[in-house]
Amino acid sequence: MSFTRTLRAVGGAVVAGALLFGTAPVASADQIRNDQWPLQKFDAESIWKISTGKGVTVAVIDGPVAGNHPDLTGSVLPGKNFVTGGRGDQGSGDEGDHGTAMASLIAGHGHGPGGSEGVKGLAPDAKILPVAINLATHDDIPKLGEETKYAEALKYAVDHGAKVVNMSFGTGKSEATAEEQQAIDYARKHDVLLVAASGNEGVGSSQDPASAPGVLAVGAVDDHGYVWDKSNYGSYLRLIAPGVHIRSASPVVDVKGKYRLANGTSDSAAYVSAAAALLRSKFPDLTAGQVANRLIKTAGIPVDKQDMKLPDTRYGFGFIKPYSALTKDVPAGSKNGPFPALKSGGSSDPSSAAGNNEAGPKIQSDKGLSMPFIILVAVVGLVVLVIVLVIVLVAKKKRRNGPPPGGPGGFGGPGGPGGPGGFVPHPPNPNNSYQQQPGGPGAYPPAPPTQPPGR
C-alpha cells in the first residue's frame, strides 16, 4: 500500500492526504504566525527561554529544501541531492514543497522585525541538513521512488553531523530491506535519533521506515489532542504530534504567499524531530534513546482517555509536551530507551523488548555452582529456618493471650491498612514502564488557566 503525504499538486489543487486552503485573500505575515496553533499549544515562547535547538543539526531526508526561503535563510546547510548529485538546499517549485515545509516546522526562524513574521519552527536555532531523495508520484500519491533506497541517504546524514533525522516519507513496503535496516542500525550506533511519519491512509498496517526497529514512529493529532482519522496506526506507533491544519513554508507561491496549510503525519514527525533537537541541545549528554525516553515519559493523552492502556495502537504513549520534556525530572534510563538493544555487531536485536528501558535479561553463565556459593546458600537457608521457627512460636504465644489491640481486622481495625477506607496501593505494572500517569500536568484538553496546553 502506498504512503500518502501532503505534497502540493500543480496549481494549488488539493491532493490525497493534504488539506490546502486557497479561497481567502493574501494573508498578512502576522496571520501566518497566528495560524501556527501548535506553537500556541506548546507555549513556544516559554520553551525558547530554555532551549532553541542551538548547536543541533537535523537532517531532513525528503525532497530538496528551498534554503533561500525568507524563513529559512542561513539555517539550511548545502546537504546533498541524491537524485541530481548536486546540493540539497536548492529546492524549488513543487519538487521542493514538501521538504521545505518540514524544514520550516523544525527550524524556521521567520522574518521581519525580530523574526515576528512568517513561519517559525519549534527549534528555530537548529540547523537543517537537506538530503534529497527521489520522490515519485503515482496517481497524486507521493512515495519513495521505485528504484530509490534511503539507506545511502541516511548514512550520509549520519556521516555529516546529524543528531536527529526526520523521515516524513514512506516506501510502500511493510518492512525495511536488509540494507535499509543496516543503515538504521548504523545511525543508532552513532547515537542519532531517527523519527518517521506513520502514514496518511488511516490503516493499521506496518509502514517502512516508521515501523522499522530503532525508529521513533509518529502519528497525527488535532488541536484538541485527538488522533486524526487518517493517521496510520499499529503496535509500532510511539508518539503523536500536531498534524491537522498545519501552516508551513513552501517555495510555491500560493494565495497566502509562499506558505501552505496541510494535514499529515509528515508534519507530526517534523514537530517530534524539532522537540528532539530542543532536548539534544538542552541535554547534550543524553543518548538518542534517552531523548526518546524523555519525550515518551512526558507525553499526554486527552482527559477522557486516561484509562487507556499505553502504548495504544493509535495514540502510542501520547502527544508530545516539549515544555514538560525540557523541565520535568525524568530519570535518564538505559541508553537504548524505548528501542531494542543493538547486538554486539551493531544490528538491532529483535528479541529485546522495545518500549522497555532495560537492555534485556542478563544471560546466565553455563558454569556449575562453586563450592563457596553452595556454602553461602546453606548458611542463608539455616538462618531463614531459625527466623521462621521464632515467628511461629511468637504467633502461638499471642493466640494464647487473646486478639491484638484495635479489634477485629488486625492492627488499626477495619480502617487500618488494607481494610475498608484504608490505603490500598495500586499494583505495579512491570510490563509497561512508560504507562502514562493520569492527570499529568500539561495534558489537553482542557488545561488549567495557569498551564498552557501541550506543556
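Accessible areas here come from the Shrake-Rupley method with a 1.4 Å probe. On that basis, the accessible surface of the chain in this predicted model comes to about 20,600 Å², and 57% of that surface belongs to carbon and sulfur atoms. Of the 455 residues in the chain, 51% are buried. The secondary structure consists of 10 helices and 13 strands. Contacts reach across the sequence: among those with a separation of 6 or more, 73% are between residues 24 or more positions apart.

A pair of isoleucines gives a view of one such separation along the chain. Ile 296 belongs to helix α8, which covers residues 288–297. With a relative accessibility of 0%, Ile 296 counts as buried, because the cut-off for that class is under 20%. Ile 320 is 24 residues away from Ile 296 along the chain, and the C-alpha atoms of the two are separated by 7.4 Å.

Turning to the strands, β12 takes in residues 246–254, and eight of its nine residues are buried, so this strand is largely enclosed by the rest of the structure. Its partner is strand β13, residues 257–262; the two run antiparallel and are joined by five bridges. Within this pairing, Ala 249 has Tyr 259 of β13 as its bridge partner. In a regular strand, side chains alternate between the two faces of the sheet.

Helix α7 follows in the sequence, spanning residues 265–282. Its 18 residues should span 26 Å at 1.5 Å a residue, and the C-alpha atoms at its ends are indeed 26 Å apart, so expectation and model agree. This helix is mostly covered, with 16 of the 18 residues buried. One of the residues of α7, Arg 280, also takes part in a salt bridge, and the charged pairs are worth a closer look.

Side chains of opposite charge can pair when their charged atoms come close. Seven salt bridges are counted in the model. One of them joins Arg 87 to Asp 89, with 2.7 Å between the closest N and O atoms. The two partners differ in their cover: Arg 87 is partly exposed, at 42% relative accessibility, whereas Asp 89 is buried, at 12%.

Asp 191 is found in two further salt bridges, one with Lys 163 and one with Arg 280. In the pairing with Lys 163, the N to O distance is 3.8 Å. This pair links distant parts of the chain, 28 residues apart: Asp 191 sits in the loop between α6 (178–189) and β9 (193–197), while Lys 163 sits in the loop between α5 (151–159) and β8 (164–167). Both side chains belong to partly exposed residues, with relative accessible areas of 24% for Asp 191 and 28% for Lys 163.

In the pairing with Arg 280, the closest N and O atoms are 2.9 Å apart. Because Asp 191 lies in the loop between α6 and β9 and Arg 280 in helix α7, this salt bridge ties together parts that are 89 residues apart in sequence. Arg 280 is buried, with a relative accessible area of 7%. Through shared partners, the salt bridges join Lys 163, Asp 191 and Arg 280 into one network.

Definitions and conventions
Residues are numbered from 1 along each chain as its sequence is written. This is a predicted model: local features need pLDDT of at least 70, side-chain atom pairs count only at pLDDT 80 or more; totals for chains, interfaces and linings use all residues. Side-chain values use heavy atoms; hydrogens and water are left out. Helices (H or I, at least four residues) and strands (E, at least two) are DSSP runs, numbered from the N terminus. The expected span of a helix is 1.5 Å times one less than its number of residues. Buried means under 20% relative accessible area, exposed over 50%, partly exposed in between (1.4 Å probe, protein chains only). Two strands pair if DSSP finds at least two bridges between them. A salt bridge is a side-chain nitrogen of Lys or Arg within 4 Å of a carboxyl oxygen of Asp or Glu. Contact means heavy atoms within 4.5 Å.
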